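Q: I have a protein model open and would like to learn how to read it. Can we take its helices and sheets in turn?

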Amino acid sequence: MLIRNDAIRNIAIIAHVDHGKTTLVDAMFRQSGVFRAGQEMDERIMDSMDLERERGITIAAKNCAVTWLGIKINILDTPGHADFGGEVERALSMVGGAVLLVDASEGPLPQTRFVLKKTLEAGLRVLVVINKIDRKDARPGDVVNEIYDLFIDLGATEEQLEFPLLYAVGREGIATHDPSVPGKDLSPLFEAIIREIPGPVHDPAEPFQMLVSDLDYSDYLGRLAVGQVRHGSVRLREPLVRVDERGQALPARVARIQVYKGLQLVDSDEASAGEIVVLAGMEDVAIGDTICIREAPRALPRLRVDAPTVCMRFSINTSPLAGQEGTQVQSRRIWERLAREAQRNVAIQVEAGEGRDEFLVKGRGELQMAILIEQMRREGFELSVGRPRVILHEEGGEVLEPMEMLLVDCDEAFMGIVTEKLAYRKGRMAGLTNTGSGRVRMEFSIPSRGLIGLRDEFLTDTKGTGIMNSSFSGYEAHRGDFITRFTGSLVADRPGRAVAYALFNLEPRGELFVRPGESVYEGLVVGEHNRESDIDVNPAKEKKLTNLRAAGKDENIILTPVRPMTLERALRFVADDELVEVTPQSIRLRKTELSALKRRQAAGRKIRADEYARADVRS
């Protein structure tokens, strides 16, 4: 017989990017007594990673706990970007309900659809909160109708459609049942969570079972297993077993039990059913393993996530400047780091590549890959990465490719150019809404490969005013090839240091990536060529000096400022025959084959092979 633990509520906060999840959690901390009166606290305190604070987004799901009227509420703050969907799926495996935040002006967006779909598939109770109702362009009534439409579109049950509804201003820490009646605090939200979200259920006759949903690491305790106790209870130093992916029961022992209290982990001698705990002492534990007693080694359904849609080639840095800026340069170090990431993030897969020092990393999207690379370079790694590629499937002899649902919000004046660019990238319009405010909202079905390198072009076309969001929608038949880049590269043909005189004369050829005084080498991409072809140039060419003087010979050279090369920009620009060289201090673009002679020879062989193929077809 199942009984419910009414002393605990386990909830996930889900929403689209920038709809106010982390800010709302800050307010819940203040009003639940986690911080004493007058104590200073940082904004977005749950965004503890440097990258999260710099980018203003949540990257990794995090746990915390508050207490309201004697009931403990375990809160999981989840990412809002579909690229980090693995974090969302892990979090949902530990909770009994979710709080869905939707912006009162923007309404449901693609990531809202993604996280809500996962929540409904898990059969969880959903509490809807319309956030930011203080915005001047807020339209809470229309947003509620859009949310109902989204629930119906996602196949919600009758019970799930009867969701509780609240209105809030997370920044001010207020919630209300009626948007026309100003709220005072978050009491309505806490009360709704306790009333509407069910407590965890368990069978008192069942022995201890826990599914490992997340991993952490401590310098003092080693690897930490995070999960919800499904049945029974666990005590310190109790002999247990760990059921791995192959179904083998391996011995395990709990060295320390910790539970969440506010933002901190506190030690506990015992954890009962329904609690979210952190267990230390099992070095080889993996996400999806079941921890249980030796007498009844029964595994829970293993945690599964959606298959990856994008892959990238990682390799050691082989440029002439390798080893000058980083401390982690060996392929073994890179492999160990990627293997650790795959263990902690179930949405990442790592395989051996074609070469001895190459690895294939598969994930959810371009942003997820960029975050992983950025984390590695900050840890001292030097590496080279290739252009992101989509993962194709084949069923019944037909090639299938991953598709995205793209939502575009822009001014009416830019609708034509945006539609034209997306149509060229094989996008198909699925919906168009004119809000009457001078802006339009368009929905497209577009291949995932069509979004690679699109963001910069989109912002340029819309003069920085357009908003673009996408989420994975499934696999469809391959829609054909298209050119993703209409420009070539300016490639250095010799080593040296860039000289202002040479760069000034190269500026008419295109946009430059290097500054005077920077080191260059043969095969380094020093700029973007205005035309489609690549061109070899000499950025180290100095001005010839003579003993003759004439008017106008010594004028000052003024160069156009060089835009800093960011990792995202490099990944969007890089071509199939190029690599991004990543070090702790620099991001460079280079050709895969550095030698200009060998590149010309390879191009000649390709031209001859194409001519022979055309001749065979004619004959």
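Q: Which residues in α1 meet which residues in α7?
A: A helix contact is read by listing the residues that each helix brings to it. This model is predicted. In α1, Leu24, Met28, Gln31 and Ser32 meet Ser187, Leu189, Phe190 and Ile193 of α7. By class, the residues of this contact of α1 with α7 divide into five nonpolar, three polar and no charged.

Q: At what angle do the axes of α1 and α7 cross?
A: Each helix is reduced to an axis, and the two axes are then compared. For α1 and helix α7 (residues 187-196), the axes cross at roughly 95 degrees and come within 11 Å. Angles of 65 to 115 degrees count as roughly perpendicular. The pair α1 and α7 is therefore roughly perpendicular.

Q: How do α4 and α5 pack, and at what angle?
A: The reading goes by the same steps. Helix α4 (residues 110-121) packs with α5 at an angle of about 50 degrees, and their axes are 10 Å apart. So α4 and α5 are oblique to each other. Their crossing is right-handed. On the α4 side the contact is made by Thr112, Arg113, Leu116 and Leu120, and on the α5 side by Leu150, Phe151 and Asp153. These residues of the contact of α4 with α5 divide into four nonpolar, one polar and two charged.

Q: Is α8 oblique or perpendicular to α9?
A: Begin with the angle and the distance. Helix α8 (residues 331-344) packs against helix α9 (residues 366-378) at about 130 degrees, with the axes 12 Å apart. That angle makes α8 oblique to α9. The crossing in which α8 passes α9 is right-handed. From α8, the residues Ile334, Arg337, Leu338 and Glu341 meet Leu372, Gln375 and Met376 in α9. The contact of α8 with α9 divides into four nonpolar, one polar and two charged residues.

Q: Now the sheets. What is the order of the strands in the open sheet of seven?
A: A sheet is read strand by strand, from one edge to the other. Here the seven strands of an open sheet run in the order β3-β4-β2-β5-β6-β7-β8, and the pairing is mixed. The strands at the edges are β3 (62-68) and β8 (174-176); each has a single partner strand, so one side of each is left without a neighbour in the sheet. On average, neighbouring strands of this sheet are turned by 30 degrees against each other, direction ignored.

Q: In which sense do β6 and β7 pair?
A: A pair of strands is described by its sense and its bridges. Strand β6 (residues 125-131) pairs with strand β7 (residues 165-169) in the parallel sense, over four bridges. One bridge joins Asn131 to its partner Ala168 in β7. Helix α5 (residues 140-153) packs on the sheet and touches β5, β6 and β7, with its direction at about 155 degrees to that of β6.

Q: Which strands does α1 lie across?
A: A helix can be placed by the strands it touches. Helix α1 (residues 21-32) lies across β2 (8-15), β3, β4 (71-77) and β5 (97-103), and runs at about 35 degrees to β3.

Q: What is the pairing in the open sheet of eight strands?
A: Order and pairing are read together. The pairing there is antiparallel, and the eight strands follow the order β14-β13-β19-β10-β11-β18-β15-β16. At the edges stand β14 (249-253) and β16 (264-268), each of which pairs on one side only. From one strand to the next, the twist averages 40 degrees.

Q: Over how many bridges do β10 and β11 pair?
A: Count along the two strands. Strand β10 (residues 209-218) and strand β11 (residues 222-231) pair over nine bridges in the antiparallel sense. Asp216 stands opposite Leu224 in β11.

Q: What radius of gyration does the protein chain have?
A: For the whole chain, an expected value is set beside the computed one. A compact globule of 619 residues would have a radius of gyration near 25 Å, and the protein chain has 28 Å, which agrees. The C-alpha trace spans about 95 × 65 × 60 Å along its principal axes. In the protein chain there are 14 helices and 37 strands.

Conventions: Residues are numbered from 1 along each chain as its sequence is written. This is a predicted model: local features need pLDDT of at least 70, side-chain atom pairs count only at pLDDT 80 or more; totals for chains, interfaces and linings use all residues. Side-chain values use heavy atoms; hydrogens and water are left out. Axes are lines fitted to C-alpha atoms, for helices over the stretch in contact, and angles run from 0 to 180 degrees between N-to-C directions. Angles under 35 degrees count as roughly parallel, over 145 as roughly antiparallel, 65 to 115 as roughly perpendicular and the rest as oblique. A crossing is left-handed if the near helix is turned anticlockwise from the far one by less than a right angle, and right-handed if clockwise. Contact means heavy atoms within 4.5 Å. Ala, Val, Leu, Ile, Met, Phe, Trp, Tyr, Cys and Pro count as nonpolar, Asp, Glu, Lys and Arg as charged, and the others, Gly among them, as polar. Two strands pair if DSSP finds at least two bridges between them. The radius of gyration is taken over C-alpha atoms; the globule rule is 2.2 Å times the number of residues to the power 0.38.
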